[in-house]
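Here's a quick tour of a protein model, written for someone who likes to check geometry against coordinates. Have your viewer open and follow along.

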Amino acid sequence: MDRRFTSCEYRRSRSTQMGRSRGLLCRLASSCEGVALVEAAIVTPFLITIIMGTVDTARYGVTKLEVQQAINRGLEMSSMAGPSLATTDIQAQVAAQADLSTSAVTVTQTLECAGIISTWDTDCTSGQETARYVKIDITTTFTPTFVFGSLARALGNAEGVVPISATGAIRIQ
């Protein structure tokens, strides 16, 4: 009868053959109980690190997306209202959409008459090509929940804060 031993059974049978005089060291070396627990204890910190990094990456992506959506909202307002919409109205709407203060939002309105930039409130001379542009910039920061020292400093500043900036522009006339 061909009986195949698992590695654990083989170690046990060999251990009993060597005798019990070898003591505690031999019994510990041949023991297979708790192997899964030890393996789990070794792997768990790596898995937790990967999960925490994934959560922070997802949160960063959501924040970046919210900022970009706020810019898109401001550009849509500019497109719908035309040149009569004030920069403060655009700035307030974008800041509210992104849940930021208005100081984080910069709105620039530019008038171009035949390729020459002039002030927004003036009109181009008859026959000149007119182009009005609205540009929106947002600059904010993202603070990760789980800061991993040098990794966070490599992506952001010394405190691990990661900068987020986004820009959008549209020609409305």
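## What α4 packs against

The buried residues of α4 pack against three elements: α3 (35-81), β1 (105-113) and β3 (130-142). The model here is a predicted one, so keep that in mind as you click through. The residues doing this packing are I90, V94, A95 and A98, the buried ones of α4. Looking down the axis of α4, you'd find its buried residues within an arc of 125°, so they line one face of the helix. Flip to the other side of α4 and you meet T88 and A96, which are exposed.

How does the length of α4 hold up against what you'd expect? Helix α4 covers residues 87-98, and at 1.5 Å a residue its 12 residues should span 16 Å. The C-alpha atoms at its ends are 16 Å apart, so the two agree. Just after α4 comes D99, with a positive phi of about 60°.

## The overall layout

Zooming out, the protein has 5 helices and 4 strands. Starting from the N terminus, the order of elements is α-α-α-α-β-β-β-α-β.

Of the protein's 173 residues, 26% count as buried. The exposed area is about 11,700 Å², with carbon and sulfur atoms supplying 57% of it. If you take contacts between residues at least 6 apart in sequence, 59% of them join residues at least 24 apart.

## How the strands pair

Which strands does β3 pair with? One is β1, in the antiparallel sense over 9 bridges. Another is β4 (residues 162-171), again antiparallel, over 10 bridges.

For a spot check of the registry, L111 has R132 in β3 as its bridge partner. Over at β4, A169 stands opposite K135.

## Salt bridges

How many salt bridges are there? The count comes to 4. As background, side chains of opposite charge can pair when their charged atoms come close.

Two of the pairs sit in helix α3. R59 forms a salt bridge with D56, and their closest N and O atoms are 3.2 Å apart. Both residues lie in α3, 3 residues apart, or about one turn of the helix. R59 has 34% relative accessibility, so it counts as partly exposed, while D56, at 7%, counts as buried. Also in α3, R73 and E76 are 3 residues apart, about one turn of the helix, and their side chains meet in a salt bridge at 3.8 Å, N to O. Here R73 is partly exposed at 30% relative accessibility, and E76 is partly exposed too, at 44%.

## Back to R132

R132, the β3 bridge partner of L111, has a salt bridge as well: its side chain meets that of D123 at 3.6 Å, N to O. Buried or exposed: what are R132 and D123? R132 has a relative accessibility of 7%, under the 20% cut-off, so it counts as buried. D123 has a relative accessible area of 66%, over the 50% cut-off, so it is exposed.

Note on methods:
Residues are numbered from 1 along each chain as its sequence is written. This is a predicted model: local features need pLDDT of at least 70, side-chain atom pairs count only at pLDDT 80 or more; totals for chains, interfaces and linings use all residues. Side-chain values use heavy atoms; hydrogens and water are left out. Buried means under 20% relative accessible area, exposed over 50%, partly exposed in between (1.4 Å probe, protein chains only). Contact means heavy atoms within 4.5 Å. Accessible areas come from the Shrake-Rupley method with a 1.4 Å probe; for residues, only the protein chains shown count as cover. The expected span of a helix is 1.5 Å times one less than its number of residues. The arc is that of the directions from the helix axis to the C-beta atoms. Two strands pair if DSSP finds at least two bridges between them.
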